[in-house]
Structure formats: structure tokens, C-alpha cells
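Subject: Handover of a structure and the findings from it

Dear colleague,

Please find below the structure that I am passing on to you. I would be grateful if you would keep it open while reading the notes that follow it.

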Amino acid sequence: MRIKLLDNITGKWAIQWIVIWFICGVLALSTGFWLTTEHTTLDWFYLGVSFIGLVCVVSLSFRKNVLGNGFGMGATAGEVVVQATSGAVGLMLAPLFNFFTHVYGIFYWSKHTDADGDMVPKSASKWIWLLTISFMVIGLALFPTVNNLLASYGYAVVEDDNSKFLGLISFFWINVIAFVLSITAQAAMILRYSFNWWLWILSNFVWLTVNLMSGNYIFAIQTMVYQVNSFVGLYEWYRSEQESVETPTHIRK
């Protein structure tokens with residue numbers, strides 16, 4: 001199904017959309033930074049990292065290899081520094097994973113481009129879907145054990161303080177689901193599967209809940225900005241995937 005507005009945003013209005021989206025993201029993050037942080041050196045550093053992250057995610061949604069994976073390496077490296085400096089060593093694991101996937105992606109994507117030099121997405125077979133679902137199920141099952149082991153060494157990824165969302169759902173498990181979803185989405189994105197954006201959309205909804213519950217409003221704002229981009233990325237990748245099937249000669253491997 002084609003949607004005229006999204007065709008324009010991912011087509012003739014792409015530059016204008018990217019500029020407007022980026023400006024809105026900068027304004028939203030800057031407002032959150034000014035109102036919800038103490039403006040420490042680390043806060044300023046993370047704000048800069050967040051701006052780099054904006055460039056990264058919008059470039060990935062438009063299938064730009066060097067800008068997407070290159071800035072992704074910069075943004076995730078910055079997140080590692082932030083978490084390490086703040087003493088949250090366990091929280092370094094996700095950005096470290098993302099960093100190395102971007103390193104792989106910058107070479108892998110370059111081998112699968114169209115005539116414009118943009119990465120060509122691919123569809124997932126039923127076996128890929130089965131593998132993805134199995135990975136998430138196993139990840140959810142093993143996470144508490146692995147997290148407890150890391151906690152025994154002082155490197156817990158998620159702290160279990162027995163808090164509940166709406167008095168019903170464990171805050172610990174919301175964090176676990178968000179973590180597993182985002183890791184899976186990242187891997188699927190780097191492997192060029194279009195369905196990764198569905199996982200990012202789900203992940204962003206969960207992360208929004210996590211951030212609001214924990215009072216991390218700047219992260220919540222960032223998540224909402226990213227969510228808008230996820231819907232655009234979903235449309236852009238599926239459209240590109242369809243066009244590559246119709247015109248396979250445009251693909252260079």
C-alpha cells in the first residue's frame with residue numbers, strides 16, 4: 001500500500017523532512033536537557049551525543065551507510081563513555097554491542113547498494129522470522145540469570161527493585177523486554193531486514209514507559225523523536241525493498 005504523504009517525505013521532500021525533523025529533535029532534546037538536568041559536564045556531553053544520535057537514526061532510516069553507521073559508531077561510543085563515567089558499567093553492554101554492529105554494518109552495507117549508493121533492504125523468510133522470535137524468547141528466558149551473574153560482580157544491566165508499573169507489571173521485566181527488543185532490532189537492521197523497524201517501534205513504546213517511570217524525561221523525549229523516524233524508516237525500507245525486486249539490475253553486490 002502506497003501513502004502519498006510518506007512517498008513525498010521519503011522522495012521529493014526528503015531533504016526538507018530531514019532538516020525539519022532534526023531541528024525538532026534538537027529543540028526537544030535541548031528543552032529536556034535545560035529543564036530536567038543539572039547541566040553538568042556529563043549532561044552537556046550526553047546532549048552532544050544525543051545530537052549525533054539524531055543524525056545516525058535519520059540516516060539509517062534513509063539507508064545512508066556512512067552517515068548512518070559512521071555516526072552510529074560515534075553515538076554509541078559516546079553512550080559507553082557516559083555510562084562508564086556515571087558508574088553504570090552494566091549499561092555499557094548495549095551500546096558496546098551496537099558499536100560493533102555498526103562497524104560490521106559499514107562494510108556489509110557497502111556491498112549491497114543501489115545505483116544511488118544507498119543500501120538495499122531485504123525481506124525476511126519464515127526461517128528468519130522463526131530465528132528472530134526464538135532469539136527473543138531465549139533472550140528473555142536467560143536474561144535474569146545472566147543479569148544476576150553480572151550483578152554478583154557489580155555489573156548488573158537492570159536493577160530489580162521490585163517496583164511495579166501501574167501496580168501490576170514488574171518494572172524489571174519492562175526493562176528486560178525493552179533491552180531484548182532493541183538488541184534484536186539492531187541486529188536485524190544491520191543485516192538489512194526491513195522488519196527491524198517494527199521491532200524498533202515496539203521497543204520505543206516500551207522504552208518510553210521505562211523512561212517516564214524512571215523520570216528520565218530527556219530520554220523519553222528522545223524516544224518520541226526516534227519513534228516518528230521509525231515510522232518513516234519502516235515505509236522507506238519496505239518501499240525500497242519492493243522497488244529492488246521490481247528492478248533487480250539496480251542492485252550492485
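Tyrosine 217 is a suitable place to begin: with a relative accessible area of 44%, tyrosine 217 is partly exposed. Please bear in mind throughout that this is a predicted model.

Tyrosine 217 belongs to helix α9, which covers residues 217–246. When neighbours within four places in sequence are left aside, the contacts of tyrosine 217 are Thr36 and Leu212. The C-alpha atom of tyrosine 217 is separated by 9.3 Å from that of threonine 37, although these positions lie 180 residues apart along the chain.

**Helix α2 and the loop after it**

Thr36 leads to helix α2, which comprises residues 14–36. Does the length of α2 agree or disagree with its residue count? At 1.5 Å a residue, its 23 residues should span 33 Å, and the C-alpha atoms at its ends are 32 Å apart, so the two values agree. The buried residues of α2 are Ala14, Trp17, Trp21, Gly25, Leu29, Gly32 and Phe33.

Histidine 39 is located in the loop between α2 and α3. Its phi is positive, at about 60°, although histidine 39 is not a glycine. This deserves attention because most residues other than glycine have a negative phi. Histidine 39 is partly exposed, and its relative accessible area is 28%.

A second residue with this feature is arginine 192, a residue other than glycine whose phi is positive and near 80°. Arginine 192 sits in the loop between α7 and α8. Is arginine 192 buried or exposed? Its relative accessibility is 6%, and arginine 192 therefore counts as buried, the cut-off being under 20%.

**How the helices pack**

Three helix pairs may be examined in turn.

The pair of helix α4 (residues 65–85) and helix α5 (residues 93–108) has axes that come within 8 Å and cross at roughly 160°. Since angles over 145 degrees count as roughly antiparallel, α4 and α5 are therefore roughly antiparallel to each other. The crossing in which α4 passes α5 is left-handed. On the α4 side, the contact is made by residues including Asn65, Val66, Met73, Thr76 and Val80, and on the α5 side by residues including Pro95, Leu96, Phe99, His102 and Ile106. By character, the residues of this contact divide into nine nonpolar, nine polar and one charged.

Helix α5 also packs with α7: the axes of α5 and α7 come within 9 Å and cross at roughly 10°. Angles under 35 degrees count as roughly parallel, and α5 and α7 are therefore roughly parallel to each other. From α5, the contact involves Ala94, Phe97, Asn98, Thr101, His102, Tyr104, Gly105 and Tyr108; from α7, it involves Phe179, Ile183, Gln186, Ala187 and Ile190. These residues divide into eight nonpolar, five polar and no charged.

The remaining pair to examine is helix α6 (residues 126–152) with helix α7 (residues 171–190), whose axes are 10 Å apart and form an angle of about 135°. The two helices α6 and α7 are therefore oblique to each other. Here α6 passes α7 in a right-handed crossing. Among the residues making the contact are Phe135, Met136, Leu140 and Phe143 of α6, together with Trp173, Val176, Phe179, Val180 and Ile183 of α7. The contact of α6 with α7 contains 13 nonpolar residues, four polar and no charged.

**Two residues of helix α8**

Serine 203 is placed in helix α8. With a relative accessible area of 0%, serine 203 is buried. Which residues does serine 203 contact, leaving aside its neighbours within four places in sequence? They are Ala178, Leu181 and Ser182.

Asparagine 204 is also in helix α8, which runs over residues 196–214. At 8% relative accessibility, asparagine 204 counts as buried. Not counting residues up to four places away in sequence, asparagine 204 touches Thr223, Tyr226, Gln227 and Ser230. Its C-alpha atom is separated by 9.7 Å from that of glutamine 222, which is 18 residues away along the chain.

Yours sincerely,

A colleague

Key:
Residues numbered from 1 in each chain as written. Predicted model: local features only at pLDDT ≥ 70, side-chain atom pairs only at ≥ 80, totals over all residues. Heavy atoms only, no water. Axes fitted to C-alpha atoms, helices over the stretch in contact; angles between N-to-C directions. Helix = DSSP H or I, 4+ residues; strand = E, 2+ residues; numbered from the N terminus. Parallel < 35°, antiparallel > 145°, perpendicular 65-115°, else oblique. Left-handed = near helix turned anticlockwise from the far one by under 90°. Contact = heavy atoms within 4.5 Å. Nonpolar A, V, L, I, M, F, W, Y, C, P; charged D, E, K, R; others polar. Expected span 1.5 Å × (residues − 1). Buried < 20%, exposed > 50% of the residue type's maximum accessible area, 1.4 Å probe, protein only.
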